[in-house]
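Trainee: Could you walk me through how a protein holds its ligand? I'd like to go one question at a time.

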Amino acid sequence: MSKQTFFSGVQPSGNLHLGNYLGAIKNWADIQEEYNAICCVVNLHAITVPQDPEELKRKTIEVAKLYIASGLDPEKVTIFRQSDVPQHAELMWLLNTITKTGELFKMTQFKDKSGIQSNGATEKISVGAGLLNYPVLMAADILIYDANLVPVGEDQTQHIEITRTLARRFNKKFEEVFTIPDIYTSPAGKKIMSLTEPLKKMSKSAESANSRIELLDEPDVIRKKIMKATTDGENKIYYNDEPEKAGLKNLLNIFSIITDSTPEQIAEDYKDKGYGDLKKDLADVLVEYLKPIQEKFNLITDEEVLNIFAKSKNELLPLAEKKLAIAKEAIGLE
Ligand code: AQP
């Protein structure tokens, strides 16, 4: 029986962090043998907010290196650059015509990044239309390869829901063209929170680098960030959902995921100790955890990545062309 396909991606929009790894990339590596895996560096998504051209090129290669350093085997996984397959953008246009603007204005990511007010006021929004249409491009990315599964962090589940809606809508309005993909979020790493504002998710684009552990952070930087992480004044270690304990909860979650334990167990182990002890040990464990990824990253050359992009492009272009042609024919364009 042929394998099912998973599709996912990361934007080269900054420095990849622990949230990107635990919420997404690690899960791809875990299931790469079971699936036909397609892992994209979504550079067209990255330009929905301003990017420096040279930096964008550099980060696109860096993200692919981090995929490989995180355990994705380029012999088995198709690692590619989104802009190398222009059919994604063309399919996006087709899907745009069946997407309602109201659906897009509702998206949490759009609201967060555009600063839209909760009263829905839109007149003052001056962000690019690409940011609004971000989920439609994501739908095209997924549907063009008939992906069965999309492993993402929790913040992206709303975008997969709209992908499913658009696929169903297209299939009903025209013909059965698209596979309806399932969402996969790992129970443990689906939402790693900011170290400085623990009620918000850890993010590449957050202003303060202290808010995130970057995958390529040096050991002393990791230690400094963890020791500075926001907790609370109680200095008492227990695991619960009170907003005041959100910083501690996040540290316990991270600790448990990377040591293959449970947050409750870590809290029990440290119940007679202070936050300083917990943070010091967590920093040590994190340094060791990221070391193999960093070592492998340093061995991969830009040339290797560019060769992988070229090979993947050749493999994917005919698939994407074929699917796009079917969609165009269903609409009456071909
Ligand atoms: N904090 C997080 N916890 C768990 N998963 C996360 N992801 C992102 N942040 C966390 C997951 O990482 C994958 C790639 O994300 P993306 O590059 O597409 O953009 P994003 O979701 O908007 O992530 P960032 O890091 O916050 O980037 P910026 O700041 O550029 O927008 C996705 O699967 C995402 O769910």
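Mentor: Sure, and one term comes before the rest: a residue is near a molecule if one of its heavy atoms lies within 4 Å of it. This is a predicted model, where local features need pLDDT of at least 70, side-chain atom pairs count only at pLDDT 80 or more, and totals for chains, interfaces and linings use all residues. Residues are numbered from 1 along each chain as its sequence is written, and side-chain values use heavy atoms, with hydrogens and water left out.

Trainee: Which residues come nearest to the ligand?

Mentor: There are 25 residues around the ligand. From that group, the ones that come nearest are Lys-113, Asp-155, Lys-201, Lys-204 and Ser-205.

Trainee: Which residue has a polar side-chain atom 2.8 Å from an oxygen atom of the ligand?

Mentor: Look for a polar contact, meaning a pair of N or O atoms within 3.5 Å. Backbone atoms make such pairs with a ligand nitrogen at Gly-19, at 3.1 Å, and at Ile-192, at 2.7 Å. The side-chain one you want, to a ligand oxygen, belongs to Ser-203.

Trainee: Which element gives the most to the shell around the ligand?

Mentor: Helices here are DSSP runs (H or I, at least four residues) and strands too (E, at least two), numbered from the N terminus. With four residues, the top giver is α1.

Trainee: Why does the ligand lie between domain 1 and domain 2?

Mentor: The domain bounds come from an automatic or database domain assignment. Domain 1 covers 5-185 + 301-331 and domain 2 covers 191-296. The ligand lies between them because residues of its shell come from both domain 1 and domain 2.

Note on methods. A polar contact is a pair of N or O atoms within 3.5 Å; within protein, one must be able to donate a hydrogen and the other to accept it, and residues adjacent in sequence count only if both atoms are side-chain atoms.
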